[in-house]
Amino acid sequence: MTTTLTLAAHPPFSLPAVIKSHGWIQLLPFAEDESAGGFRYIAHLDSGRVVTLRVQTAGDGVRVDVDTPLDAAERAQVAQAITWMLGLEQDFSAFYALARQEPKLAHVEARAQGRLLRSPTLFEDTVKTILTTNTAWGGTRRMVSALVAEFGAPLPDDPAQHAFPTPARLAATDDATLRDVARLGYRAPYVLALAQSVASGALDLEALQGTDLPTAELHKRLLAIKGVGRYAAASLLMLLGRYDFVPVDSWARTLVSREWHDGQPVGASEIEAAFADWGPWKGLAYWFWDWDHLSDA
DNA sequence: GGTAGACCTGGACGC
DNA sequence: GCGTCCAGGTCTACC
């Protein structure tokens, strides 16, 4: 027996657009399912069960298949998780109205761009974001894979596959293990401290999903997390649906430098200034800007 | 508020 | 195979 859920999305919606919105699909326990045009995600449910969610386009939303019967609470959790992960309820009509006036963003509405693929929990997204800092993408993939393989709960039908580790599981490890086994390097104490504060209840990260806190306050709270600086905080704000900041990394500096500064070095202030007119949509304008002509940068 | 140096890893490169 | 250099954000100490 299997379980199937059908979830509607606020139009316009494109599952491939969400999947390709950034690199998260390449990080375990996500896996792209190209034959179905969707993805798989190994979820560790509150009930303790570990299941594979198979997601593909269906009608104006998505269909979620699970290879096992789920009880009512588990079904509700899966529906809530997928709705959050894909931003099914997000409305970008205000952004699209502005984007129509800008040739470099004229494509976003037709492609249904705007949603960014999220993990089910802000804890997972925060750990992954910390692991994107000060390293190449290959390093991020390696560190996330190691964390999942070493500390994630195994899938019963295929124990070689694992869910993302829970805060409690990571909190139960130690700095040296995270350095030696997962090769997190100097990031190990950051991830450990985050896991411990979430597991102990000292930090309620998940309460920030859908919070109505002002963006400035949210920004402040994210920056208070060790290992989360300006770039990581801006990235996490984007995942939380707040686009007031541009995640300034070396790639952003390269793009903005070549687009508006004739290849001369630029800093965060120049990047923020380049998108200042986009107000609460700065981050999205940067993210979906048509940089194609700079792809060899 | 701004800046320099340390942090850690893996890849590129030269020998 | 080995050693060196470099890129990638954040933190801390210092001015």
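How many residues apart are Lys-128 and Glu-124 in helix H4? They are four residues apart in this helix, which covers residues 122–130, so about one helical turn separates them. Keep in mind as you look around that this is a predicted model.

The side chains of Lys-128 and Glu-124 meet in a salt bridge, with N and O at 2.7 Å. Both partners are worth a look for their surroundings. Lys-128 is buried, at a relative accessible area of 0%, and Glu-124 is buried as well, at 2%.

The count for the model comes to nine salt bridges. Here are three of them, with the distance between N and O:

| Pair | N to O distance |
|---|---|
| Lys-128 and Glu-124 | 2.7 Å |
| Arg-63 and Asp-65 | 2.8 Å |
| Asp-67 and Arg-54 | 3.3 Å |

Next, the pair of Asp-67 and Arg-54, whose closest N and O atoms lie 3.3 Å from each other. This salt bridge links distant parts of the chain, 13 residues apart: Arg-54 belongs to strand S4 (residues 50–58), while Asp-67 sits in the loop between strand S5 (61–66) and helix H2 (72–86). Asp-67 is partly exposed, with 45% relative accessible area, and Arg-54 is also partly exposed, at 30%.

Finally, Arg-63 forms a salt bridge with Asp-65, the closest N and O atoms being 2.8 Å apart. Is each partner buried or partly exposed? Arg-63 counts as partly exposed because its relative accessibility is 34%, whereas Asp-65 is buried, with a relative accessible area of 12%.

Methods: Residues are numbered from 1 along each chain as its sequence is written. Chains are lettered from A and ligands numbered from 1 in the order in which they are written. This is a predicted model: local features need pLDDT of at least 70, side-chain atom pairs count only at pLDDT 80 or more; totals for chains, interfaces and linings use all residues. Side-chain values use heavy atoms; hydrogens and water are left out. A salt bridge is a side-chain nitrogen of Lys or Arg within 4 Å of a carboxyl oxygen of Asp or Glu. Helices (H or I, at least four residues) and strands (E, at least two) are DSSP runs, numbered from the N terminus. Buried means under 20% relative accessible area, exposed over 50%, partly exposed in between (1.4 Å probe, protein chains only).
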